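The following exercises are to be worked with the sequence and the model open side by side. Each task is followed by a solution in steps.

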Amino acid sequence: MARWLAVIAIVLLAGCAPQPQPDHLAQIKERGVLRVGTLLGPTTYYHDLESEGGLEYALAATFAEQLDVELEVVSRYNVNDLFSLLDQAQVDIIAAGLDRTPRRDRRYRFGPPYQEVAQRLVYRQGSRDRPRDWTQVDGEVVVVAGSSHHDWLQRNAKDYPNLQWRATNEHDATELLRSVVEGEIAFTITDSNILDMQRRYFPNISVAFTVREDLDISWMLAPGRDGSLYAEVIRFFGDLRASGELAQLVDRHFGHVSQFNYVDTSYFIDAVQSTLPKYRDFFVEHSGRLDWRLLAAISYQESLWNPRATSPTGVRGLMMLTLPTAEQMGVSSRLNPEESIRGGARYFERMLDTIPARIPEPDRTWFALAAYNIGYGHLEDARVLTERQGADPDRWIDVRKRLPLLRQKKYYRQTRYGFARGDEPVRYVGNIRRYYDTLVWLDERGRIPAQPLDISLPTGSGDEAP
(Lines give C-alpha, C1' and ligand atoms only; values in the text may rest on other atoms or scores of the structure.)
Protein backbone atom coordinates (compact mmCIF):
# COMPACT_ATOMS: atom_id res chain seq x y z
CA MET A 1 0.00 0.00 0.00
CA ALA A 2 2.79 2.38 0.96
CA ARG A 3 4.43 1.58 -2.37
CA TRP A 4 1.33 2.57 -4.35
CA LEU A 5 0.95 5.76 -2.31
CA ALA A 6 4.52 6.69 -3.21
CA VAL A 7 3.84 6.07 -6.90
CA ILE A 8 0.69 8.21 -6.77
CA ALA A 9 2.60 10.99 -5.03
CA ILE A 10 5.27 10.98 -7.75
CA VAL A 11 2.61 11.14 -10.46
CA LEU A 12 0.85 14.03 -8.75
CA LEU A 13 4.12 15.93 -8.34
CA ALA A 14 4.94 15.36 -12.00
CA GLY A 15 1.54 16.71 -12.93
CA CYS A 16 2.22 19.89 -10.97
CA ALA A 17 5.60 20.50 -12.67
CA PRO A 18 5.54 23.17 -15.41
CA GLN A 19 5.24 21.69 -18.90
CA PRO A 20 7.78 22.82 -21.49
CA GLN A 21 6.36 25.55 -23.74
CA PRO A 22 6.49 25.12 -27.51
CA ASP A 23 9.11 27.25 -29.21
CA HIS A 24 8.19 30.39 -31.16
CA LEU A 25 8.09 28.67 -34.54
CA ALA A 26 5.93 25.86 -33.15
CA GLN A 27 3.52 28.43 -31.69
CA ILE A 28 3.14 30.08 -35.10
CA LYS A 29 2.42 26.74 -36.76
CA GLU A 30 -0.03 25.79 -34.04
CA ARG A 31 -1.74 29.17 -34.37
CA GLY A 32 -1.77 28.76 -38.15
CA VAL A 33 -0.96 32.44 -38.68
CA LEU A 34 2.28 34.39 -39.18
CA ARG A 35 1.83 37.98 -37.97
CA VAL A 36 4.04 40.45 -39.81
CA GLY A 37 4.30 44.15 -38.99
CA THR A 38 5.05 46.53 -41.84
CA LEU A 39 4.78 50.12 -42.98
CA LEU A 40 2.21 51.22 -45.51
CA GLY A 41 4.02 52.52 -48.56
CA PRO A 42 4.84 51.84 -52.23
CA THR A 43 8.09 50.02 -51.48
CA THR A 44 6.82 47.89 -48.58
CA TYR A 45 3.08 47.12 -48.49
CA TYR A 46 0.08 48.62 -50.23
CA HIS A 47 -3.42 47.81 -51.43
CA ASP A 48 -4.19 48.33 -55.10
CA LEU A 49 -7.65 48.01 -56.59
CA GLU A 50 -7.80 44.22 -56.39
CA SER A 51 -4.94 42.88 -54.27
CA GLU A 52 -2.05 43.55 -51.94
CA GLY A 53 1.47 44.34 -53.10
CA GLY A 54 4.95 45.56 -52.23
CA LEU A 55 8.27 43.79 -51.83
CA GLU A 56 7.83 43.18 -48.10
CA TYR A 57 4.39 41.69 -48.72
CA ALA A 58 5.76 39.41 -51.43
CA LEU A 59 8.56 38.19 -49.17
CA ALA A 60 6.29 37.69 -46.16
CA ALA A 61 3.69 35.87 -48.24
CA THR A 62 6.36 33.53 -49.60
CA PHE A 63 7.66 32.87 -46.07
CA ALA A 64 4.17 32.16 -44.72
CA GLU A 65 3.50 29.79 -47.62
CA GLN A 66 6.67 27.86 -46.82
CA LEU A 67 5.64 27.62 -43.17
CA ASP A 68 2.20 26.42 -44.36
CA VAL A 69 0.39 29.10 -42.36
CA GLU A 70 -1.78 32.10 -43.19
CA LEU A 71 -0.25 35.56 -43.42
CA GLU A 72 -1.67 38.37 -41.26
CA VAL A 73 -0.25 41.76 -42.20
CA VAL A 74 -0.37 44.36 -39.43
CA SER A 75 0.33 47.70 -41.10
CA ARG A 76 1.18 51.02 -39.52
CA TYR A 77 2.26 54.45 -40.72
CA ASN A 78 4.77 55.05 -37.93
CA VAL A 79 7.86 52.91 -37.38
CA ASN A 80 7.72 53.45 -33.59
CA ASP A 81 4.28 51.81 -33.60
CA LEU A 82 5.83 48.77 -35.26
CA PHE A 83 8.48 48.56 -32.56
CA SER A 84 5.74 48.64 -29.92
CA LEU A 85 3.93 45.78 -31.66
CA LEU A 86 7.11 43.69 -31.66
CA ASP A 87 7.92 44.56 -28.04
CA GLN A 88 4.43 43.43 -26.99
CA ALA A 89 4.63 40.21 -29.06
CA GLN A 90 1.66 41.32 -31.19
CA VAL A 91 3.68 40.57 -34.33
CA ASP A 92 6.29 37.90 -34.95
CA ILE A 93 8.42 39.85 -37.40
CA ILE A 94 8.85 43.40 -38.65
CA ALA A 95 9.29 43.43 -42.43
CA ALA A 96 9.30 47.10 -43.34
CA GLY A 97 12.42 47.89 -45.36
CA LEU A 98 14.37 48.92 -42.25
CA ASP A 99 18.14 49.16 -41.91
CA ARG A 100 20.33 48.60 -38.87
CA THR A 101 21.15 51.52 -36.61
CA PRO A 102 23.14 51.35 -33.35
CA ARG A 103 19.96 51.95 -31.36
CA ARG A 104 17.96 49.28 -33.18
CA ASP A 105 20.85 46.84 -32.97
CA ARG A 106 20.83 47.07 -29.20
CA ARG A 107 17.12 46.30 -28.98
CA TYR A 108 16.35 43.82 -31.75
CA ARG A 109 17.64 40.86 -33.70
CA PHE A 110 18.19 41.38 -37.44
CA GLY A 111 17.77 38.70 -40.05
CA PRO A 112 19.98 38.31 -43.16
CA PRO A 113 20.15 41.34 -45.48
CA TYR A 114 18.11 41.04 -48.68
CA GLN A 115 18.40 44.50 -50.20
CA GLU A 116 20.87 47.39 -50.16
CA VAL A 117 19.97 51.07 -50.23
CA ALA A 118 21.60 54.47 -49.88
CA GLN A 119 20.17 57.49 -48.07
CA ARG A 120 20.12 60.82 -49.88
CA LEU A 121 19.36 64.41 -49.00
CA VAL A 122 16.90 65.76 -51.56
CA TYR A 123 15.33 69.11 -52.50
CA ARG A 124 13.16 70.55 -55.25
CA GLN A 125 15.03 71.27 -58.44
CA GLY A 126 15.40 75.00 -59.10
CA SER A 127 14.40 76.04 -55.59
CA ARG A 128 17.98 76.76 -54.46
CA ASP A 129 21.60 76.11 -55.26
CA ARG A 130 22.56 72.51 -54.76
CA PRO A 131 24.30 71.98 -51.41
CA ARG A 132 27.38 69.76 -51.63
CA ASP A 133 27.64 68.93 -47.93
CA TRP A 134 25.90 69.61 -44.61
CA THR A 135 27.59 73.00 -44.14
CA GLN A 136 25.83 74.31 -47.29
CA VAL A 137 22.31 73.17 -46.34
CA ASP A 138 20.38 76.45 -46.15
CA GLY A 139 16.91 75.27 -45.13
CA GLU A 140 15.13 73.02 -42.70
CA VAL A 141 15.54 69.25 -43.03
CA VAL A 142 12.40 67.29 -42.08
CA VAL A 143 12.51 63.53 -41.49
CA VAL A 144 10.14 60.85 -40.23
CA ALA A 145 10.23 60.43 -36.45
CA GLY A 146 11.71 57.09 -35.42
CA SER A 147 13.33 56.52 -38.82
CA SER A 148 17.01 55.74 -39.27
CA HIS A 149 17.32 59.24 -40.76
CA HIS A 150 16.06 60.61 -37.45
CA ASP A 151 18.55 58.42 -35.58
CA TRP A 152 21.42 59.62 -37.78
CA LEU A 153 20.57 63.28 -37.23
CA GLN A 154 20.34 62.79 -33.48
CA ARG A 155 23.83 61.32 -33.47
CA ASN A 156 25.50 63.67 -35.98
CA ALA A 157 23.67 67.02 -36.13
CA LYS A 158 25.81 68.36 -33.24
CA ASP A 159 28.71 68.46 -35.70
CA TYR A 160 26.77 71.05 -37.76
CA PRO A 161 25.62 73.75 -35.31
CA ASN A 162 23.85 75.80 -37.99
CA LEU A 163 21.80 72.89 -39.29
CA GLN A 164 18.03 73.22 -38.84
CA TRP A 165 16.10 69.98 -38.66
CA ARG A 166 13.09 68.31 -37.08
CA ALA A 167 11.36 64.94 -36.98
CA THR A 168 7.63 64.57 -37.60
CA ASN A 169 4.97 61.96 -36.90
CA GLU A 170 2.53 63.69 -39.25
CA HIS A 171 3.94 62.38 -42.55
CA ASP A 172 5.54 59.23 -43.92
CA ALA A 173 8.62 59.20 -46.17
CA THR A 174 6.63 59.39 -49.41
CA GLU A 175 4.55 62.31 -48.16
CA LEU A 176 7.70 64.19 -47.17
CA LEU A 177 9.01 63.80 -50.71
CA ARG A 178 5.79 65.29 -52.05
CA SER A 179 6.09 68.13 -49.54
CA VAL A 180 9.51 68.87 -51.00
CA VAL A 181 8.06 68.89 -54.53
CA GLU A 182 5.26 71.24 -53.47
CA GLY A 183 7.66 73.61 -51.74
CA GLU A 184 6.24 73.03 -48.27
CA ILE A 185 9.60 71.90 -46.86
CA ALA A 186 13.13 72.53 -48.09
CA PHE A 187 14.84 69.15 -47.61
CA THR A 188 14.27 65.61 -46.51
CA ILE A 189 16.39 62.47 -46.31
CA THR A 190 15.07 59.50 -48.24
CA ASP A 191 16.10 55.96 -49.04
CA SER A 192 17.25 55.41 -52.61
CA ASN A 193 14.58 52.82 -53.43
CA ILE A 194 11.78 55.16 -52.33
CA LEU A 195 13.38 57.99 -54.28
CA ASP A 196 13.64 55.85 -57.42
CA MET A 197 9.94 55.01 -57.20
CA GLN A 198 8.75 58.57 -56.62
CA ARG A 199 10.90 60.24 -59.27
CA ARG A 200 8.77 58.50 -61.90
CA TYR A 201 5.92 60.79 -60.84
CA PHE A 202 7.89 63.78 -59.53
CA PRO A 203 10.98 64.17 -61.72
CA ASN A 204 11.94 67.52 -60.19
CA ILE A 205 13.12 65.90 -56.96
CA SER A 206 16.87 66.52 -57.00
CA VAL A 207 19.62 64.85 -55.01
CA ALA A 208 21.89 67.16 -53.05
CA PHE A 209 24.28 64.49 -51.79
CA THR A 210 24.41 61.00 -50.33
CA VAL A 211 24.18 60.83 -46.54
CA ARG A 212 24.97 57.12 -46.17
CA GLU A 213 25.71 54.35 -48.64
CA ASP A 214 25.49 50.55 -48.76
CA LEU A 215 22.91 50.05 -46.02
CA ASP A 216 21.60 46.52 -45.55
CA ILE A 217 17.83 46.04 -45.28
CA SER A 218 16.68 43.17 -43.05
CA TRP A 219 13.72 41.79 -41.15
CA MET A 220 13.64 42.42 -37.41
CA LEU A 221 12.72 40.01 -34.59
CA ALA A 222 12.39 40.44 -30.82
CA PRO A 223 15.56 39.30 -28.99
CA GLY A 224 13.73 37.89 -25.95
CA ARG A 225 12.16 34.96 -27.82
CA ASP A 226 13.88 31.64 -28.48
CA GLY A 227 15.85 31.33 -31.71
CA SER A 228 13.54 28.96 -33.60
CA LEU A 229 11.88 31.59 -35.79
CA TYR A 230 15.17 33.43 -36.24
CA ALA A 231 16.82 30.22 -37.48
CA GLU A 232 13.92 29.66 -39.89
CA VAL A 233 14.25 33.21 -41.24
CA ILE A 234 17.96 32.63 -41.88
CA ARG A 235 17.20 29.37 -43.69
CA PHE A 236 14.41 31.02 -45.70
CA PHE A 237 16.58 33.83 -47.05
CA GLY A 238 19.46 31.46 -47.70
CA ASP A 239 17.25 29.21 -49.81
CA LEU A 240 15.60 32.20 -51.51
CA ARG A 241 18.98 33.65 -52.47
CA ALA A 242 20.39 30.31 -53.65
CA SER A 243 17.37 29.61 -55.87
CA GLY A 244 17.52 33.04 -57.53
CA GLU A 245 13.99 33.86 -56.35
CA LEU A 246 15.21 36.67 -54.07
CA ALA A 247 16.91 38.47 -56.96
CA GLN A 248 13.78 37.95 -59.06
CA LEU A 249 11.49 39.44 -56.40
CA VAL A 250 13.72 42.48 -55.88
CA ASP A 251 14.00 42.98 -59.64
CA ARG A 252 10.23 42.67 -60.05
CA HIS A 253 9.71 45.60 -57.68
CA PHE A 254 12.78 47.77 -58.26
CA GLY A 255 14.76 46.50 -61.25
CA HIS A 256 13.21 48.94 -63.70
CA VAL A 257 13.25 52.13 -61.61
CA SER A 258 16.91 52.66 -60.75
CA GLN A 259 17.68 54.28 -64.11
CA PHE A 260 16.31 57.83 -64.02
CA ASN A 261 16.31 60.37 -66.83
CA TYR A 262 14.89 63.76 -65.88
CA VAL A 263 14.16 64.93 -69.42
CA ASP A 264 12.50 61.69 -70.52
CA THR A 265 10.36 61.47 -67.37
CA SER A 266 9.30 65.11 -67.64
CA TYR A 267 8.35 64.75 -71.31
CA PHE A 268 6.36 61.62 -70.54
CA ILE A 269 4.35 63.23 -67.74
CA ASP A 270 3.67 66.25 -69.99
CA ALA A 271 2.55 63.94 -72.79
CA VAL A 272 0.15 62.16 -70.44
CA GLN A 273 -1.58 65.49 -69.92
CA SER A 274 -1.41 66.91 -73.43
CA THR A 275 -1.38 63.97 -75.87
CA LEU A 276 -2.68 60.79 -74.28
CA PRO A 277 -6.28 62.13 -73.93
CA LYS A 278 -6.51 62.20 -77.74
CA TYR A 279 -5.99 58.44 -77.97
CA ARG A 280 -7.08 57.14 -74.58
CA ASP A 281 -10.47 55.88 -75.77
CA PHE A 282 -8.81 53.93 -78.58
CA PHE A 283 -6.42 52.24 -76.13
CA VAL A 284 -9.35 51.34 -73.87
CA GLU A 285 -11.59 50.14 -76.71
CA HIS A 286 -8.98 47.94 -78.40
CA SER A 287 -7.12 46.67 -75.33
CA GLY A 288 -9.01 43.37 -75.36
CA ARG A 289 -7.57 41.22 -72.57
CA LEU A 290 -4.66 43.63 -72.12
CA ASP A 291 -4.43 46.48 -69.63
CA TRP A 292 -5.02 49.59 -71.72
CA ARG A 293 -2.33 51.40 -69.75
CA LEU A 294 0.24 48.80 -70.80
CA LEU A 295 -0.86 49.24 -74.41
CA ALA A 296 -0.46 53.01 -74.04
CA ALA A 297 2.99 52.55 -72.50
CA ILE A 298 4.07 50.38 -75.45
CA SER A 299 2.81 53.02 -77.86
CA TYR A 300 4.69 55.81 -76.09
CA GLN A 301 7.92 53.81 -76.17
CA GLU A 302 7.37 53.09 -79.85
CA SER A 303 6.28 56.48 -81.17
CA LEU A 304 6.01 59.02 -78.32
CA TRP A 305 2.29 58.94 -79.21
CA ASN A 306 3.04 60.46 -82.60
CA PRO A 307 0.63 58.91 -85.16
CA ARG A 308 2.91 59.89 -88.05
CA ALA A 309 6.11 58.51 -86.56
CA THR A 310 8.36 56.72 -89.06
CA SER A 311 11.68 54.94 -88.51
CA PRO A 312 14.55 54.46 -91.00
CA THR A 313 13.63 50.75 -91.13
CA GLY A 314 10.12 51.53 -92.37
CA VAL A 315 7.96 50.91 -89.30
CA ARG A 316 5.25 53.52 -88.91
CA GLY A 317 2.45 54.89 -86.77
CA LEU A 318 1.50 54.98 -83.11
CA MET A 319 2.46 51.33 -82.61
CA MET A 320 5.31 51.40 -85.16
CA LEU A 321 4.14 48.39 -87.13
CA THR A 322 6.06 46.89 -90.04
CA LEU A 323 4.11 46.67 -93.29
CA PRO A 324 3.89 42.84 -93.18
CA THR A 325 2.69 42.91 -89.58
CA ALA A 326 0.10 45.56 -90.41
CA GLU A 327 -1.20 43.43 -93.28
CA GLN A 328 -1.40 40.35 -91.05
CA MET A 329 -3.37 42.32 -88.45
CA GLY A 330 -5.76 43.76 -91.04
CA VAL A 331 -4.43 47.32 -90.78
CA SER A 332 -4.93 49.23 -94.03
CA SER A 333 -3.26 52.46 -92.87
CA ARG A 334 -0.54 52.44 -90.23
CA LEU A 335 -0.92 56.22 -89.95
CA ASN A 336 -4.52 55.90 -88.80
CA PRO A 337 -4.29 56.06 -84.97
CA GLU A 338 -7.19 53.73 -84.25
CA GLU A 339 -6.10 51.13 -86.79
CA SER A 340 -2.53 51.23 -85.52
CA ILE A 341 -3.62 50.75 -81.90
CA ARG A 342 -5.97 47.91 -82.83
CA GLY A 343 -3.29 46.19 -84.89
CA GLY A 344 -0.61 46.66 -82.24
CA ALA A 345 -2.87 45.27 -79.53
CA ARG A 346 -3.68 42.13 -81.51
CA TYR A 347 -0.04 41.61 -82.44
CA PHE A 348 1.07 41.94 -78.82
CA GLU A 349 -1.61 39.44 -77.78
CA ARG A 350 -0.15 37.09 -80.37
CA MET A 351 3.29 37.53 -78.76
CA LEU A 352 1.80 36.77 -75.34
CA ASP A 353 0.17 33.61 -76.67
CA THR A 354 3.48 32.51 -78.19
CA ILE A 355 5.37 32.68 -74.90
CA PRO A 356 5.36 29.23 -73.21
CA ALA A 357 2.32 28.88 -70.95
CA ARG A 358 4.44 27.66 -68.01
CA ILE A 359 6.06 31.10 -67.63
CA PRO A 360 4.10 33.07 -65.00
CA GLU A 361 3.31 36.75 -64.89
CA PRO A 362 4.81 39.29 -64.88
CA ASP A 363 7.76 37.62 -66.65
CA ARG A 364 5.42 36.39 -69.38
CA THR A 365 4.60 40.01 -70.25
CA TRP A 366 8.25 41.10 -70.18
CA PHE A 367 9.14 38.27 -72.58
CA ALA A 368 6.27 39.25 -74.88
CA LEU A 369 7.46 42.86 -74.89
CA ALA A 370 10.98 41.76 -75.79
CA ALA A 371 9.58 39.62 -78.61
CA TYR A 372 7.47 42.57 -79.83
CA ASN A 373 10.68 44.59 -80.04
CA ILE A 374 13.32 42.16 -81.30
CA GLY A 375 11.29 39.28 -82.70
CA TYR A 376 10.38 35.97 -81.11
CA GLY A 377 13.23 34.12 -82.84
CA HIS A 378 15.94 36.28 -81.30
CA LEU A 379 14.24 36.03 -77.91
CA GLU A 380 14.34 32.24 -78.20
CA ASP A 381 18.04 32.42 -79.09
CA ALA A 382 18.67 34.36 -75.87
CA ARG A 383 16.68 31.82 -73.86
CA VAL A 384 18.73 28.98 -75.32
CA LEU A 385 21.95 30.82 -74.40
CA THR A 386 20.57 31.35 -70.91
CA GLU A 387 19.92 27.65 -70.45
CA ARG A 388 23.35 26.70 -71.82
CA GLN A 389 24.96 28.98 -69.24
CA GLY A 390 23.13 27.26 -66.40
CA ALA A 391 20.54 29.97 -65.70
CA ASP A 392 16.74 29.84 -65.95
CA PRO A 393 15.38 30.54 -69.46
CA ASP A 394 11.92 31.14 -67.99
CA ARG A 395 13.04 34.07 -65.82
CA TRP A 396 13.28 37.52 -67.35
CA ILE A 397 16.04 38.57 -64.94
CA ASP A 398 18.25 35.74 -66.28
CA VAL A 399 17.40 36.13 -69.97
CA ARG A 400 17.82 39.90 -69.74
CA LYS A 401 21.50 39.38 -68.91
CA ARG A 402 22.04 37.22 -72.01
CA LEU A 403 20.16 39.25 -74.62
CA PRO A 404 23.08 41.68 -75.15
CA LEU A 405 25.31 38.68 -75.96
CA LEU A 406 23.49 38.44 -79.31
CA ARG A 407 25.71 41.31 -80.45
CA GLN A 408 28.86 39.23 -79.97
CA LYS A 409 29.98 36.89 -82.75
CA LYS A 410 31.18 34.13 -80.43
CA TYR A 411 27.61 33.88 -79.12
CA TYR A 412 25.37 34.71 -82.07
CA ARG A 413 27.23 32.25 -84.32
CA GLN A 414 25.80 29.53 -82.05
CA THR A 415 22.21 30.75 -82.49
CA ARG A 416 19.55 30.01 -85.07
CA TYR A 417 18.71 33.60 -86.00
CA GLY A 418 22.17 35.15 -85.67
CA PHE A 419 23.12 38.73 -84.83
CA ALA A 420 20.70 41.00 -82.99
CA ARG A 421 20.94 44.25 -81.06
CA GLY A 422 20.06 42.44 -77.85
CA ASP A 423 20.66 45.41 -75.60
CA GLU A 424 17.72 47.23 -77.22
CA PRO A 425 14.92 44.97 -75.88
CA VAL A 426 16.45 45.23 -72.40
CA ARG A 427 16.09 49.03 -72.49
CA TYR A 428 12.75 48.69 -74.26
CA VAL A 429 11.19 46.51 -71.57
CA GLY A 430 12.65 48.62 -68.76
CA ASN A 431 11.25 51.82 -70.25
CA ILE A 432 7.78 50.34 -70.77
CA ARG A 433 7.71 49.04 -67.21
CA ARG A 434 8.45 52.56 -65.95
CA TYR A 435 5.88 54.18 -68.23
CA TYR A 436 3.27 51.60 -67.28
CA ASP A 437 3.84 52.01 -63.54
CA THR A 438 3.55 55.77 -63.90
CA LEU A 439 0.31 55.48 -65.88
CA VAL A 440 -1.17 53.14 -63.27
CA TRP A 441 -0.21 55.52 -60.47
CA LEU A 442 -1.63 58.57 -62.28
CA ASP A 443 -4.78 56.76 -63.39
CA GLU A 444 -5.60 55.45 -59.91
CA ARG A 445 -5.39 59.03 -58.62
CA GLY A 446 -7.52 60.47 -61.42
CA ARG A 447 -4.63 62.39 -62.93
CA ILE A 448 -5.01 61.26 -66.52
CA PRO A 449 -7.37 63.70 -68.22
CA ALA A 450 -10.38 62.14 -69.91
CA GLN A 451 -11.37 64.41 -72.76
CA PRO A 452 -13.62 63.82 -75.77
CA LEU A 453 -11.68 62.54 -78.76
CA ASP A 454 -10.72 65.30 -81.17
CA ILE A 455 -8.35 63.67 -83.63
CA SER A 456 -7.64 64.74 -87.18
CA LEU A 457 -7.05 61.43 -88.94
CA PRO A 458 -4.89 61.15 -92.04
CA THR A 459 -6.81 62.08 -95.15
CA GLY A 460 -5.91 58.98 -97.15
CA SER A 461 -7.03 55.45 -96.42
CA GLY A 462 -3.87 53.71 -97.62
CA ASP A 463 -0.68 53.05 -95.68
CA GLU A 464 1.22 55.78 -97.52
CA ALA A 465 -1.25 58.56 -96.62
CA PRO A 466 0.58 61.90 -96.16
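**Exercise 1. Arg-433 and its surroundings**

Task: Classify Arg-433 as buried or exposed in this predicted model, and identify its contacts outside the local sequence.

Solution.
Step 1. The relative accessibility of Arg-433 is 3%. Buried means under 20%, so Arg-433 counts as buried.
Step 2. Arg-433 belongs to helix α20, which covers residues 423-444.
Step 3. With neighbours within four places in sequence set aside, Arg-433 is in contact with Asp-251, Arg-252, His-256, Trp-366, Trp-396 and Arg-400.

**Exercise 2. The overall layout**

Task: Describe the extent of the protein, its secondary structure and its division into domains.

Solution.
Step 1. The C-alpha trace spans about 110 × 65 × 50 Å along its principal axes.
Step 2. The protein contains 20 helices and eleven strands, and 53% of its 466 residues count as buried.
Step 3. Three domains are assigned: domain 1 (23-110 + 219-255), domain 2 (115-218) and domain 3 (263-445).
Step 4. The centres of domain 2 and domain 3, taken over C-alpha atoms, are separated by 36 Å. Between these domains, six residues of domain 2 are in contact with seven residues of domain 3.
Step 5. Consider the contacts between residues at least 6 apart in sequence: 68% of them join residues at least 24 apart.

**Exercise 3. Strand β1 and its partners**

Task: Determine which strands pair with β1, and which residues stand opposite Gly-37.

Solution.
Step 1. Strand β1 comprises residues 33-39; six of its seven residues are buried, so the strand is largely enclosed by the rest of the structure.
Step 2. Strand β4 (residues 70-76) pairs with β1 in the parallel sense over seven bridges. In β4, Val-74 stands opposite Gly-37.
Step 3. Strand β5 (residues 93-99) also runs parallel to β1 and is joined to it by two bridges. Here the residue opposite Gly-37 is Ile-94.

**Exercise 4. A β-α-β unit**

Task: Establish how the side chains of β8 are arranged and what unit β8 forms with α6 and β9.

Solution.
Step 1. In a regular strand the side chains alternate between the two faces of the sheet.
Step 2. In β8 (residues 141-144), Val-141 and Val-143 point one way, Val-142 and Val-144 point the other way, and all are buried.
Step 3. β8 pairs with strand β9 (residues 165-168) in the parallel sense, over four bridges. Val-143 has Ala-167 as its bridge partner in β9.
Step 4. Together with helix α6 (residues 148-156), β8 and β9 make a right-handed β-α-β unit.

**Exercise 5. The annotated position and a neighbour**

Task: Locate the residue that carries the UniProt annotation "active site", list its contacts, and examine the backbone of Met-320.

Solution.
Step 1. The annotation, taken from an unreviewed UniProt entry, covers Glu-302. This residue lies in helix α13 (residues 292-303).
Step 2. Apart from residues up to four places away in sequence, Glu-302 touches Leu-318, Met-319, Met-320, Tyr-372 and Tyr-428.
Step 3. Met-320 is placed in the loop between α13 and α14 (323-328). Its phi is near 50 degrees, a positive value in a residue other than glycine.
Step 4. The relative accessible area of Met-320 is 13%, and therefore Met-320 is buried.

**Exercise 6. Further backbone features**

Task: Characterise Asp-68 and the peptide bond from Glu-361 to Pro-362.

Solution.
Step 1. Asp-68 is not a glycine, although its phi is positive, at about 60 degrees. Asp-68 is found in the loop between α3 (55-67) and β4.
Step 2. With a relative accessible area of 69%, Asp-68 is exposed; the cut-off for this class is over 50%.
Step 3. The peptide bond from Glu-361 to Pro-362 is cis, and its omega is near 5 degrees. Pro-362 lies in the loop between α15 (337-354) and α16.

**Exercise 7. Helix α17**

Task: Compare the span of α17 with the expected value, and name the helices against which its buried residues pack.

Solution.
Step 1. Helix α17 (residues 376-388) has 13 residues and reaches 18 Å from its first C-alpha to its last, close to the 18 Å expected at 1.5 Å a residue.
Step 2. Its buried residues include Leu-379, Arg-383 and Leu-385.
Step 3. The buried residues of α17 pack against α16 (363-374), α18 (396-402) and α19 (409-412).
Step 4. After α17 comes Gly-390, with a positive phi near 85 degrees.

Definitions and conventions. Residues are numbered from 1 along each chain as its sequence is written. This is a predicted model: local features need pLDDT of at least 70, side-chain atom pairs count only at pLDDT 80 or more; totals for chains, interfaces and linings use all residues. Side-chain values use heavy atoms; hydrogens and water are left out. Buried means under 20% relative accessible area, exposed over 50%, partly exposed in between (1.4 Å probe, protein chains only). Two strands pair if DSSP finds at least two bridges between them. A crossover is right-handed if, with the strands pointing away from the viewer, the path from the first strand over the helix to the second runs clockwise. UniProt positions are given in the numbering used here, feature names are shortened, and annotations may be inferred rather than shown by experiment. Contact means heavy atoms within 4.5 Å. The expected span of a helix is 1.5 Å times one less than its number of residues. Domain bounds come from an automatic or database domain assignment.
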